[in-house]
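Open the model in your viewer and keep the selection tool at hand. This tour says what to pick next and what to look for there.

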Amino acid sequence: RTRESLAQTGDSLRATRKRVTENVEQTKRIVTERMGHLRENVLTIPNALSLARLCSSPVLGYLVVTEGYTAALVLFAAAGVTDVLDGWVARSFPSQQSMLGTVVDPLADKCLVATLFLSLTVAGLIPVPLTALIVTRDVTILGCASYIRYASLPAPKTFLRFFDVTLATVKFSPTVISKANTAVQLGLVAATLAAPVFGFVDHSALHAFWYLTASTTVLSGLTYLFTKDAYQFIRKDKS
């Protein structure tokens, strides 16, 4: 009887182990399928243009602090062209759209703006409080976006998945006031870069531009923090 009992126990354990193994494999297949439906092609022209704009930021910062204002103004204009082009391509060709683009495009703009504001402040062309306000707003939004990205990840939430650019889990949509704020900030940067080139440094119009930029920066930051339409979780079911 003891042998029979041990044999039955062994059979039961083997059956249990088999069921557990099958359940684990099934769970792996389900997770793999779901993750596969969330992945997307990130090798697009708009993403390449946004990356080029992102890479131009440190070069622009260097040109400003070394007083190469003419070259900085030309490069800034070229960066502006890439911003227009990536949006046009994404709207005109649906195959060139990606969830990553909704993150990289505004991220490139923010890095460009932050770098130029910091360097122009070092050069004494933009006041410190305005730059501090802009950087604080952008850092706060970046922190919130990181939390939303983490919350949108399917289980298991891992470090590698968080930074997997092909895994689209959330779509960020800029608000109207945010778009206006970006335009105002870029306009101020362009005017400030042009000031030493064309000789209107410390003009009263630039001072008025500072207050306008501060106002739109605060308003856009508040809309991002209190408007749920700024982001949307992606749920792709298997068809």
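The stops below run from open pockets to a closed cavity, then to charged pairs, annotated spans and a nonpolar core.

**Before you start**

Keep in mind that this is a predicted model.

**Stop 1: the largest pocket**

Select Val-103, Leu-142, Ala-145, Ser-146 and Phe-172. These are the residues nearest the centre of the largest pocket, out of 40 that line it. The pocket holds about 1,100 Å³ of space. Now colour the elements around it. Helix 4 (101–122), helix 5 (128–152), strand 1 (170–172) and helix 8 (204–226) each give two or more residues to the lining. Which of the elements gives the most? Helix 5 does, with 11 residues. Colour the lining by class next. It has 29 nonpolar residues, five polar and six charged.

**Stop 2: the second largest pocket**

Move on to a space of about 840 Å³, the second largest pocket. Select Gly-87, Arg-91, Asp-105, Pro-174 and Lys-179, the closest to its centre among 28 lining residues. Two or more lining residues come from each of helix 2 (45–65), helix 3 (69–92), helix 4, strand 1 and helix 7 (176–198). Helix 4 has the largest share here, six residues. By class, this lining has nine nonpolar, 11 polar and eight charged residues.

**Stop 3: the cavity**

Next, look for enclosed space. How many cavities of 30 Å³ or more are there? The count is one. About 40 Å³ of space lies in it. To find the cavity, select Asp-109, Lys-110, Val-113, Arg-137, Asp-138, Thr-182 and Gln-185, which line it. Helix 4, helix 5 and helix 7 each supply at least two of these residues. The largest share is from helix 4, with three. Of the lining residues, one is nonpolar, two are polar and four are charged.

**Stop 4: a charged pair at the cavity**

Stay with the cavity lining and show the side chains of Lys-110 and Asp-138. They meet in a salt bridge, 4.0 Å from N to O. The pair links distant parts of the chain, with Lys-110 in helix 4 and Asp-138 in helix 5, 28 residues apart. Is Asp-138 buried or exposed? Asp-138 is buried, at a relative accessible area of 9%.

**Stop 5: Arg-53 and its partners**

The structure holds six salt bridges. Select Arg-53 and Asp-83 for another of them; their closest N and O atoms are 3.4 Å apart. Arg-53 is in helix 2 and Asp-83 in helix 3, so this contact ties together parts 30 residues apart in sequence. Arg-53 itself is buried, with a relative accessible area of 1%.

Now add Asp-86. Its side chain meets that of Arg-53 in a salt bridge too, at 3.1 Å from N to O. Asp-86 lies in helix 3 and Arg-53 in helix 2, so this pair ties together parts 33 residues apart in sequence. With 3% relative accessibility, Asp-86 also counts as buried.

Extend the selection to Asp-105 and Asp-109. Salt bridges with shared partners join Arg-53, Asp-83, Asp-86, Asp-105 and Asp-109 into one network. Two of these residues have come up before. Asp-105 was among the closest to the centre of the second largest pocket, and Asp-109 is one of the residues lining the cavity.

**Stop 6: the annotated spans**

Highlight residues 59–81, 112–135, 183–201 and 207–226. An unreviewed UniProt entry annotates them as "transmembrane region". Compare two of these spans on screen. Residues 207–226 are 100% helix and 0% strand, and their end C-alpha atoms are 30 Å apart. Residues 112–135 are 79% helix and 0% strand, with end C-alpha atoms 12 Å apart.

**Stop 7: the nonpolar core**

Finish with Val-64, Phe-76, Leu-116, Phe-117, Leu-120, Val-189 and Leu-193. In the largest nonpolar core, which has 20 residues, these touch the most other members. Which elements each supply at least two residues of this core? They are helix 2, helix 3, helix 4, helix 5 and helix 7. Helix 4 gives the largest share of the core, five residues.

How values were computed: Residues numbered from 1 in each chain as written. Predicted model: local features only at pLDDT ≥ 70, side-chain atom pairs only at ≥ 80, totals over all residues. Heavy atoms only, no water. 1 Å grid on protein atoms, 1.4 Å probe; cavity = no way out; pocket = protein on both sides within 12 Å on 5 of 7 lines; lining within 4 Å. Points joined across faces, edges and corners; volume = space filled by probe spheres on them. Helix = DSSP H or I, 4+ residues; strand = E, 2+ residues; numbered from the N terminus. Nonpolar A, V, L, I, M, F, W, Y, C, P; charged D, E, K, R; others polar. Buried < 20%, exposed > 50% of the residue type's maximum accessible area, 1.4 Å probe, protein only. UniProt positions renumbered as here; feature names shortened; annotations may be inferred. Core = buried A, V, L, I, M, F, W, Y, C linked by side-chain atoms within 4.5 Å.
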